[in-house]
Amino acid sequence: MATPHALRDRDPQLAPPAVPQPGTIHPLWVRVTHWLNALAAILMMLSGWRIYDASPIFPAFRFPTDITLGGWLGGALQWHFAAMWLLVFNGLLYLALNLASGRFVRKFLPVSPRAVLHDFIAALTGKLSHADLRVYNAVQKFAYLFVVCDLIALVLSGLAIWKSVQFPLLRELMGGYDNARIVHFCAMSLMAAFIAVHLAMVALVPRSLLAMLRGR
Ligand code: HEM
């Protein structure tokens with residue numbers, strides 16, 4: 001079996017370096033924007049469940065009231081809109097700083113289906129190195145790029161529902177008002193799946209949580 005170093009020499013996407021590097025793992029702005037985004041995403045999801053329950057797309061399916069936020073439709077809408085501004089402005093700041101600093105390309109690219117499959121199998125067989133938290137493996141790159149795209153889809157479909165008259169093109173791109181609700185629901189479900197997998201991955205490598213809290 002090739003070592004992570006040998007794999008990396010052949011194809012830098014395939015494996016992170018095995019030797020931990022000193023210094024900061026996540027700069028302060030990444031940590032602050034990550035935690036604010038996580039807070040906003042969770043508040044939006046829980047209040048969104050209460051809003052959904054007031055007019056379910058799938059009549060047979062409702063979220064248990066106890067796990068929703070807002071108490072009633074009006075309260076849930078207030079939470080949803082308040083957290084929306086945090087998610088949009090903080091999310092844009094996270095993206096702008098990542099792109100302007102070159103971190104986005106450095107940390108998340110390149111990523112290919114082959115590398116994701118390779119690292120996924122390596123993860124399942126316990127052969128994926130987590131020694132250097134500075135370098136994301138291909139599965140992490142894919143998951144983080146995926147959730148960023150998913151959050152953008154959530155915001156755009158939400159906008160098509162909220163301001164459907166003011167943004168007719170967006171509404172039509174979503175397949176109409178009713179379809180925009182389904183897109184919004186599917187994007188929420190994918191984010192919920194991401195959160196479940198993300199938390200499991202963090203639990204498997206608890207050092208990564210420390211690094212996201214204190215930077216190293
Ligand atoms: C709820 C919505 C969440 C979203 C959308 C989200 C998204 C992300 C993204 C995009 C990254 C990569 C950040 C970067 O390097 O630029 C990341 C990393 C990370 N997140 Fe989250 N996150 C969420 C919640 C959480 C929660 C609740 C925890 C902990 C309990 C957590 C712990 C971490 C850790 C430890 C990392 C770094 C892990 C690593 O080294 O791969 N996240 N998250």
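1. Let's start with how α2 and α8 cross: in this predicted model, the crossing of these two helices is left-handed. Their axes approach to within 11 Å, at an angle of roughly 130 degrees. α2 and α8 are therefore oblique to each other; an angle has to be over 145 degrees to count as roughly antiparallel.

2. If you would like to find this contact on screen, look for A41, M45 and G48 on the α2 side. Their partners in α8 are M188, M191 and A192. By class, the residues where α2 meets α8 comprise 5 nonpolar and 1 polar, with no charged residue among them.

3. α8, which spans residues 177-204, also packs against α6, residues 138-162. Here the axes come within 9 Å and the crossing angle is roughly 150 degrees. That makes α6 roughly antiparallel to α8. The crossing of α6 and α8 is left-handed.

4. Which residues build the contact between α6 and α8? From α6 come A143, F146, V147, D150, A153, L154, S157, G158, A160 and I161. α8 answers with Y177, A180, R181, V183, H184, A187, M188, L190, M191, F194, V197 and H198. Sorted by class, the residues of this contact are 16 nonpolar, 4 polar and 2 charged. M188 and M191 deserve a second look: they take part in the contact with α6, and they also meet α2.

5. Now to the ligand, which has 20 residues around it. A38, A41, Y144, S208 and M212 come nearest. A41 is worth marking, as this residue of α2 also belongs to the contact with α8.

6. Where does the shell around the ligand come from? The elements that each supply two or more residues are α2 (28-54), α6, α8 and α9 (206-214). α2 gives the largest share, with 6 residues. In terms of class, the shell holds 14 nonpolar, 5 polar and 1 charged residues.

7. A friendly word on confidence before you zoom in. Mean pLDDT for the chain is 92, and 90% of the residues reach 70 or more. Two stretches call for caution. Residues 1-10 stay under 50, and the model gives them 14 contacts beyond four places in sequence. Residues 15-20 are also below 50, with 23 contacts in the model beyond near neighbours in sequence. Where pLDDT is low, the predicted coordinates should not be read in detail.

Technical notes
Residues numbered from 1 in each chain as written. Predicted model: local features only at pLDDT ≥ 70, side-chain atom pairs only at ≥ 80, totals over all residues. pLDDT = per-residue confidence, 0-100. Contact = placed C-beta atoms within 7 Å. Axes fitted to C-alpha atoms, helices over the stretch in contact; angles between N-to-C directions. Helix = DSSP H or I, 4+ residues; strand = E, 2+ residues; numbered from the N terminus. Parallel < 35°, antiparallel > 145°, perpendicular 65-115°, else oblique. Left-handed = near helix turned anticlockwise from the far one by under 90°. Nonpolar A, V, L, I, M, F, W, Y, C, P; charged D, E, K, R; others polar. Near = placed C-beta within 6 Å.
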